[in-house]
Amino acid sequence: MAVTLPGADKGDTTTLDATLCEAGIMVAELASREAELRPDHEPKVNVNGIEELVTDKGYHSGAVVERVKSYQVSSYIPEKQQKGRRNWQGKVEEQQAVYENRRRVRSEYGKSLLRRRGELVERSFAHCYETGGMRRCHLRGRDNILKRQLVHVGAFNLSLILRHLVGAGTPRELSNRSGQLVLSLLLLLWYGNGQQPCHSSRISAPATKYVAKSRTRLRRPLCRKSAPSTTAC
């Protein structure tokens with residue numbers, strides 16, 4: 001929904017608000033565009049904006065959870081393991097927000113959302129940054145890097161749309177599928193003409209003779225009785 005490029009000296013807890021605001025703006029634009037283009041249809045985008053936020057444990061802090069609650073957004077942020085008990089003296093609202101977030105994360109619905117985040121979001125990150133090589137970008141200036149990132153993520157979203165419509169997300173995969181289609185048509189014509197499929201693993205006639213002999217060969221006894229011995233095997 002939104003692509004942001006924060007500075008390397010900023011942590012996740014300080015960049016969450018900007019990313020959430022950017023995603024909210026995109027959702028509002030999509031909702032208004034759907035209302036203009038298809039006023040009679042049911043909107044596919046939530047007209048109330050973003051109502052739920054799911055992140056990993058790196059974004060968790062008492063101040064972040066409290067701010068997200070003030071935005072009227074339900075947070076599902078796993079907590080970090082901390083030593084000892086926290087001191088909530090003078091932090092009643094923050095304590096309440098943290099406890100509500102903890103209950104939502106431990107619920108079945110919260111666990112399902114976290115599984116979906118790991119399946120969809122993390123795989124998208126791995127595809128764009130690891131496989132796509134966006135971990136290192138040899139450009140100068142934040143604006144140039146952000147443009148490169150937007151083009152990269154836009155191409156990834158376009159591949160998802162093409163995979164949903166056509167069945168292939170890349171030109172190479174589409175060419176491979178076209179080759180498989182031609183091969184299947186040729187095989188269909190071959191079988192339609194009454195030709196029998198050939199098997200490369202067929203054994204020749206001379207080889208079958210030796211195989212038959214080896215199968216009918218009598219087995220030797222495992223042990224024999226010796227003359228001086230009186231015990232059997």
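## Exercises on a predicted model

The residues lining the second largest pocket split into four nonpolar, seven polar and one charged. Keep in mind that this is a predicted model. With that pocket as a warm-up, here are some exercises to work through.

### Exercise 1: the second largest pocket

Work out how much space lies in the second largest pocket, which residues are closest to its centre, and which element gives the largest share of its lining.

Solution.
- Step 1. Start with volume: the second largest pocket holds about 240 Å³ of space.
- Step 2. Now go to the centre. Twelve residues line this pocket, and H127, A155, F156, S159 and T170 are the closest to its centre.
- Step 3. Map the lining onto the fold. Two elements, α4 (108-131) and α5 (142-165), each give two or more residues to it.
- Step 4. Pick the main contributor: α5 supplies the largest share, with six residues.
- Step 5. Go back to the chemistry, and you have seven polar residues next to four nonpolar ones and one charged one in that lining.

### Exercise 2: a residue of α5

Decide whether H152 is buried or exposed, and find what it is in contact with beyond its sequence neighbours.

Solution.
- Step 1. Place the residue: H152 sits in helix α5.
- Step 2. Check accessibility. H152 has a relative accessible area of 15%, and the cut-off for buried is under 20%, so H152 counts as buried.
- Step 3. Skip everything within four places in sequence, and the contacts of H152 are C128, G132 and M134.

### Exercise 3: salt bridges

Find how many salt bridges the whole structure has, then take three of them and sort their partners by exposure.

Solution.
- Step 1. Searching the whole structure turns up six salt bridges.
- Step 2. Take R102 and E79, whose side chains meet at 2.5 Å, N to O. This pair ties together distant parts of the chain: R102 belongs to helix α3 (residues 92-106), E79 to the loop between β2 (74-76) and α3, and they are 23 residues apart.
- Step 3. Look up both accessibilities. R102 comes out at 26% and E79 at 25%. Partly exposed runs between the 20% and 50% cut-offs, so both partners land in that class.
- Step 4. Next is R86 with E94, a salt bridge at 3.4 Å, N to O. R86 is partly exposed at 31%, whereas E94 is buried at 13%.
- Step 5. Finish with R117 and E122, bridged at 2.7 Å, N to O. Here the arginine, R117, is buried at 17%, while E122 is partly exposed at 32%.

### Exercise 4: the largest nonpolar core

List the residues of the largest nonpolar core, say which element gives the largest share, and follow the contacts of one member, V64.

Solution.
- Step 1. Recall the general trend: nonpolar side chains tend to be buried together in soluble globular proteins.
- Step 2. Collect the members. The core has nine residues: L16, L20, L53, V64, V65, V68, V73, I77 and A97.
- Step 3. Assign them to elements. Both α1 (12-37) and α2 (62-70) give two or more residues to this core, and α2 has the largest share, three residues.
- Step 4. Zoom in on V64. Leaving out residues up to four places away, V64 touches T13, L16, Y59 and I77.

### Exercise 5: two residues to compare

Find out where N101 and Q72 sit, and decide for each whether the residue is buried or exposed.

Solution.
- Step 1. N101 is in helix α3. Its relative accessible area is 0%, so N101 is buried.
- Step 2. Ask what surrounds N101: not counting residues up to four places away, N101 touches H60, V65, S75, Y76 and I77.
- Step 3. Q72 lies in the loop between α2 and β2. With 71% relative accessible area, Q72 is exposed.
- Step 4. Check the backbone too. Q72 has a positive phi, near 60°, and is not a glycine.

### Exercise 6: the whole chain

Count the helices and strands, then give the share of buried residues and of contacts between residues 24 or more positions apart.

Solution.
- Step 1. The chain has seven helices and two strands, arranged along the sequence as α-β-α-β-α-α-α-α-α.
- Step 2. Out of 233 residues, 18% are buried.
- Step 3. Of the contacts with a separation of 6 or more, 47% are between residues 24 or more positions apart.

Conventions. Residues numbered from 1 in each chain as written. Predicted model: local features only at pLDDT ≥ 70, side-chain atom pairs only at ≥ 80, totals over all residues. Heavy atoms only, no water. 1 Å grid on protein atoms, 1.4 Å probe; cavity = no way out; pocket = protein on both sides within 12 Å on 5 of 7 lines; lining within 4 Å. Points joined across faces, edges and corners; volume = space filled by probe spheres on them. Helix = DSSP H or I, 4+ residues; strand = E, 2+ residues; numbered from the N terminus. Nonpolar A, V, L, I, M, F, W, Y, C, P; charged D, E, K, R; others polar. Salt bridge = Lys/Arg side-chain N within 4 Å of Asp/Glu carboxyl O. Buried < 20%, exposed > 50% of the residue type's maximum accessible area, 1.4 Å probe, protein only. Contact = heavy atoms within 4.5 Å. Core = buried A, V, L, I, M, F, W, Y, C linked by side-chain atoms within 4.5 Å.
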